[in-house]
Amino acid sequence: MENVKIERIEWARLTGERPRKAGCNSRLGEHGLHVRPPIARITTSDGASGIGFASLSREKAETLIGLQINQAYDTESSVSEEYRFMEYPLWDLVGQIQQKPVYAILSGKNGDFKAPCYDTSLYIDDLHIDDNAEAASLIASEALEGKARGHKAYKIKVGRGAMHMPLEKGTQRDIDVINAVREAVGEDATILIDANNGYNLNITKQVLAGTADAKVYWMEEAFHEDARVYGILKEWLNKEGIKTKIADGEGGASPNLIQWAKNGLIDIVQYDIFHPGFSRWLELGPELDEVNVGTAPHHYGGYYGNFVTGHLAAKIKNFEFVEWDHATTPGIDDSNYSISNGYVNIPNLPGFGLTIEEEPYQKALKENGFIVNA
Ligand SMILES: [Mg+2]
C-alpha cells in the first residue's frame, strides 16, 4: 500500500426500508420504517475502491484527497485515531487491496466465518391495544417473523410503564410480552430485554422475577448505570438464582462503565459500532476478554452495522451478538450476507463483502451527496 493515494471520494445518504414499522422504546416515539445510512466510496490512484458508512462533509472529504493509505492505516494498529471518522471505507479498501475479508485480516485465518446475531425489531408496537394478552400475542407474532428470517435470538423493548402506559399495567404487559415471546420461539432461543433506562431497581426485580421461567439472557439499560444500584441488583440476582446478565453502555454511557464492568457489575458492554466504532472495539474487546466481560456493540438504526459488526468476532473471544435491524437499502448490495440458525453468515469476499448498486447510488449522489476529485 506504499504510495497509494486517495484520488476520489463519493458520498451519499441512502434510504432503506424495514420489513415493518418499528414502534416506540421506553422513552421515544415511533422509530418508523426507514433507515438512512451515509455511504462513502473512496477510490485510489491505482483504481482500487472501498465503500462504507461515513459521516462526512464535502469540506472534510476535500482534506482527504491525496492522503496516502499507509498514513491512515497500518497493519499493526488498524485505522489510526485521526482517520476513524472514515474507518469503514478504509477497512473495506484494505480488504479490496489485500483481496481478503476483514475478518480474515483480523484473525489471520481464511475460510468461512459466521457470528451470532439477534433480531432487534421487537419494539413497543402494541400501544394501540388495550388488552395485555392481545398485546403480548402481537409481539410474539413479530418474533415468529424473525424466526422465519433465520433468527434464534430476540431483543424485546420493555419499559412500557415508564411513560407510554400507566406504570402497573405497562410493567405487567412487559412481563406478559416476554413470557409470550418465550412461548412462541421455544426453549432453545435466546431472549434479551432492553428498558432504555425506563426501569428502576424495584421494577427490574419485578420483571425479572415475573419472567424467571423465560430465562432472559440479558437485561439491557435497566436504569441509568449506577454502581451502587447495580451492586444491589447483582446480589439479588444471585440470591434468586436468576442468571440474567447486565448489559449497558450504548448512548451517553458513564465514563466509569468499563471500570464497573471490570469490577463485575456489568457483564456485557454495548458501545456503539459507529461511535466509538470498529477500530476502537478492536482495542477494547480483547481488553474486556481478559476480565471475562462480553462485547455486544449497539448499532440500531444504522443498517450498515448489520454487516460489519460480526467481523469483530474474529478478534474478540467474548463477542456476544450482532444487533440485526433488518432492512433493504437500494444502493447497497448486501445479498452475500445471510442469516440462518441464529448466525450471520459473513461472505468470504474482500473487505466487508458489500458492493454499490450503481443506479440508486448515483441517484442519491445527485439528490443529497457529493463527489470530490484530485
Ligand atoms: Mg439499547
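Q: In this predicted model, which residue of β18 is the bridge partner of serine 338?
A: Strand β17 (residues 338-340) pairs with β18 in the antiparallel sense, over three bridges. Serine 338 has its bridge partner in β18, and that partner is asparagine 345.

Q: Which residue takes a positive phi in the hairpin of β17 and β18?
A: The hairpin has two residues between its strands. A positive phi near 50° is found there, at asparagine 341.

Q: What is the bridge partner of phenylalanine 113 in β18?
A: Strand β8 (residues 113-122) pairs with strand β18 (residues 343-346) in the antiparallel sense, over four bridges. In β18, phenylalanine 113 is matched with isoleucine 346.

Q: Do strands β10 and β11 pair in the parallel or the antiparallel sense?
A: Strands of a sheet pair through backbone hydrogen bonds, and either sense can occur. Four bridges join strand β10 (residues 190-194) to β11. One bridge joins isoleucine 193 to methionine 219 in β11. The sense of the pairing between β10 and β11 is parallel.

Q: How many of the five residues of β11 are buried?
A: A residue is buried if 20 or more other C-beta atoms lie within 10 Å of its own. β11 is largely enclosed by the rest of the structure, because its buried residues number five of five.

Q: Why do the buried residues of α7 line one face of the helix?
A: The buried residues of helix α7 (residues 201-210) are Ile203, Thr204, Val207 and Leu208. Seen down the axis of α7, these residues line one face because they fall within an arc of 125°.

Q: Which exposed residues does α7 carry on the face turned away from its buried side?
A: The buried residues of α7 are covered by elements that include α6 (167-185), β11 (216-220) and α8 (227-240). The face turned away from that buried side carries the exposed residues Asn202 and Ala209.

Q: Does tryptophan 236 count as buried, partly exposed or exposed?
A: Tryptophan 236 is found in helix α8. A residue needs 20 or more C-beta neighbours within 10 Å to be buried, and 12 or fewer to be exposed. Tryptophan 236 has 15 such neighbours inside 10 Å, so it counts as partly exposed.

Q: What distance separates the C-alpha atoms of tryptophan 236 and lysine 205?
A: Along the chain, tryptophan 236 and lysine 205 are 31 residues apart. Their C-alpha atoms are separated by 8.0 Å.

Q: Which strands stand at the edges of the open sheet of four strands?
A: The strand order is β5-β4-β1-β20, with antiparallel pairing. Each edge strand has a single partner strand, so one side of it is left without a neighbour in the sheet; the edge strands are β5 (49-53) and β20 (370-373).

Q: Which residue of β4 stands opposite tryptophan 11?
A: Strand β1 (residues 6-13) and strand β4 (residues 38-44) run antiparallel and are joined by seven bridges. Opposite tryptophan 11, in β4, stands alanine 40.

Q: At what angle to β1 does α12 run?
A: α12 lies across β1 and β20. Its direction relative to β1 is about 80°.

Q: Which element gives the most residues to the side of domain 1 that touches domain 2?
A: The chain is divided into domain 1 (6-100 + 355-373) and domain 2 (113-346). In contact are 28 residues of domain 1 and 33 residues of domain 2. On the domain 1 side, the element that gives the most, with five residues, is β2.

Definitions and conventions. Residues numbered from 1 in each chain as written. Predicted model: local features only at pLDDT ≥ 70, side-chain atom pairs only at ≥ 80, totals over all residues. Arc of directions from axis to C-beta. Contact = placed C-beta atoms within 7 Å. Domains from an automatic or database assignment. Pairing = 2+ DSSP bridges. Axes fitted to C-alpha atoms, helices over the stretch in contact; angles between N-to-C directions.
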